[in-house]
Amino acid sequence: MRQIILTTPGRFDAMDVPEPVVPPGHALVAVRAIGVCGTDLHAFAGRQPFFSYPRVLGHELGVEILSVPPGDHGRRVGDRCAVEPYLCCGACPVCLAGRTNCCETLKCLGVHIDGGMVARLAIPVTHLHRSDRLSFEQLALVETLGIGRHAVMRAGLQPCERVLILGGGPIGLATAQFAVLAGGLVTICEITASRRGMAARFGVPTVESSDQLYDVVLDCTGSKASMDTAAERAAFG
């Protein structure tokens with residue numbers, strides 16, 4: 001089967017590789033759509049400090065199930081699924097406490113281990129989220145959109161609260177949409193004109209900087225400088 005691998009920064013190579021071994025509890029899936037993350041762009045440019053090469057990229061995936069392990073797990077051959085790309089050990093103290101996102105050996109497909117730029121892939125069946133109505137391209141966006149939804153849920157956002165979203169990239173725009181759906185009065189702080197224009201298409205006002213205080217502040221930049229000052233924009237209470 002065919003695989004695309006980022007051999008070194010700036011260079012992709014295509015090669016034929018053996019079919020994947022499917023461990024117990026895993027499904028075999030065909031990769032039908034792949035999203036391109038900022039992480040992938042940084043890896044291609046050689047600007048990911050924790051990245052190692054060669055690496056098969058791809059963690060935003062829309063897949064079709066080709067085979068499933070025995071048992072009643074609610075998945076069947078032919079299902080269209082989004083992939084949860086974060087793999088935990090299930091045995092460390094935080095995993096046993098149910099906080100699998102904080103696993104001591106957490107690995108992300110396409111980042112720490114090889115990902116989805118390949119024809120077929122073995123995925124834990126528990127990490128496949130099926131849909132009868134989303135296309136493969138839409139399913140590839142579920143991971144990205146889920147970050148925004150999770151942030152808004154954790155914030156406990158209430159209707160008519162003033163919300164400042166720092167950063168108008170893909171994660172900021174996703175977060176903004178869920179904040180609007182929750183009834184928040186949303187403003188995006190973004191210095192790049194093209195991103196402010198994209199936010200305007202969603203009807204979300206933007207600013208280049210702000211000295212106002214907000215009920216909820218959500219940092220979507222990944223920038224240390226931005227995160228260090230985000231708390232200064234939070235209103236009393």
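**Entry 1: strand partners**

I began with strand β5, where I found A82 listed as the bridge partner of G62. I note at the outset that I am working with a predicted model. Widening the view from that one bridge, I saw that β4 and β5, the latter covering residues 80-83, run antiparallel to one another and are joined over 3 bridges. I then looked up the pairing of β4 with β3, and found that β3 (residues 26-35) and β4 (residues 60-67) are also antiparallel, here over 7 bridges. Within that pairing I picked out V31, which stands opposite V63 in β4.

**Entry 2: V63 and the cores**

Which residues does V63 touch, leaving aside those up to four places away in sequence? I listed V29, A30, V31 and R32, then D79, R80, C81 and V83, and finally L128 and F136. I next checked the largest nonpolar core, which has 15 residues, and V63 appears there among those with the most contacts inside it, together with V29, L61, V83, L121, I123 and L128. I traced the core back to the strands and noted that β3, β4, β5 and β8 (120-124) each supply at least two of its residues. I also recorded a second, separate core of 14 residues, which includes L157, I165, A179 and C220.

**Entry 3: aromatic pairs**

How many aromatic pairs does the structure hold? I counted 2. For F12 and F44 I read a distance of 5.4 Å between the ring centres and an angle of 20° between the planes, so this pair is stacked, the angle being under 30 degrees. The pair links distant parts of the chain, since F12 lies in strand β2 (residues 11-16) and F44 in helix α1 (residues 38-45), 32 residues apart. I looked up the accessibility of both rings' residues: F12 is partly exposed, with a relative accessible area of 38%, and F44 is likewise partly exposed, at 34%.

For F51 and Y53 I read 5.4 Å between the ring centres and 55° between the planes, so I entered this pair as tilted. Are F51 and Y53 buried or partly exposed? I found F51 buried, because its relative accessible area of 10% falls under the 20% limit, whereas Y53 is partly exposed, with a relative accessible area of 28%.

Methods: Residues are numbered from 1 along each chain as its sequence is written. This is a predicted model: local features need pLDDT of at least 70, side-chain atom pairs count only at pLDDT 80 or more; totals for chains, interfaces and linings use all residues. Side-chain values use heavy atoms; hydrogens and water are left out. Two strands pair if DSSP finds at least two bridges between them. Helices (H or I, at least four residues) and strands (E, at least two) are DSSP runs, numbered from the N terminus. Rings of Phe, Tyr and Trp (its six-membered ring) pair if their centres lie within 6.5 Å; planes under 30 degrees apart count as stacked, over 60 as edge-to-face and the rest as tilted. Buried means under 20% relative accessible area, exposed over 50%, partly exposed in between (1.4 Å probe, protein chains only). A nonpolar core is a set of buried Ala, Val, Leu, Ile, Met, Phe, Trp, Tyr and Cys residues joined through side-chain atoms within 4.5 Å. Contact means heavy atoms within 4.5 Å.
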